[in-house]
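Please look at the structure below and work through the questions that follow.

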Amino acid sequence: MALKMKMFDTLGMVTLVTPPSMMNPEKISFTLINLKEKEKNHFAIQLNKCFPEDNVVVYIMEGQDNGWLKQAMTKSKYVIVDKASVPIWIEEHVKSEKIHYVSETQTVEQIFENIQKETN
């Protein structure tokens, strides 16, 4: 006897990771470094627009914890940094194509447009 089951459309999950916790991401992951609240809100909006059905891991760093941050950046697919407060050593530890800078001339929305171009 066959059962009639209704399948529901589900949205993906977002997992936020802060020091000292760590986890291995699936396909899509971001490290956010020293973003302002306004930028974090724009990030959340863009994440919902661009990756609504994906499970996403977001590592959030505010301040300094170099060991944790190095590990988070290694595990992330994308690193988004506030250009005004970027630690100098970051570029030495991360491939330049992973890093996206938020600045007066580059918004979070523009970063997501670039990411969408890369993934399509």
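Contact means heavy atoms within 4.5 Å. This is a predicted model, in which local features need pLDDT of at least 70 and side-chain atom pairs pLDDT 80 or more, while totals for chains, interfaces and linings use all residues. Residues are numbered from 1 along each chain as its sequence is written, and side-chain values use heavy atoms, without hydrogens and water.

Q: Which residues in α4 do Glu39, His42, Phe43, Gln46, Leu47 and Cys50 in α1 meet?
A: Helices here are DSSP runs (H or I, at least four residues), and strands are runs of E of at least two, numbered from the N terminus. The α1 residues have as their partners in α4 Val108, Glu109, Phe112 and Gln116.

Q: Are α1 and α4 roughly parallel or roughly antiparallel to each other?
A: Their axes are 9 Å apart, at an angle of about 30 degrees. Axes are lines fitted to C-alpha atoms, for helices over the stretch in contact, and angles run from 0 to 180 degrees between N-to-C directions. Angles under 35 degrees count as roughly parallel, over 145 as roughly antiparallel, 65 to 115 as roughly perpendicular and the rest as oblique. The two helices α1 and α4 are therefore roughly parallel.

Q: Which element gives the most to the largest nonpolar core?
A: A nonpolar core joins buried (under 20% relative accessible area, 1.4 Å probe, protein chains only) Ala, Val, Leu, Ile, Met, Phe, Trp, Tyr and Cys residues through side-chain atoms within 4.5 Å. The largest has 17 residues, and Phe30, Leu32, Phe43, Leu47, Phe51 and Ile80 touch the most other members. β2 (28-33), α1 (37-50), β3 (56-61), β4 (78-82) and α4 (108-119) each supply at least two residues. The most, four residues, come from α4.

Methods. Buried < 20%, exposed > 50% of the residue type's maximum accessible area, 1.4 Å probe, protein only.
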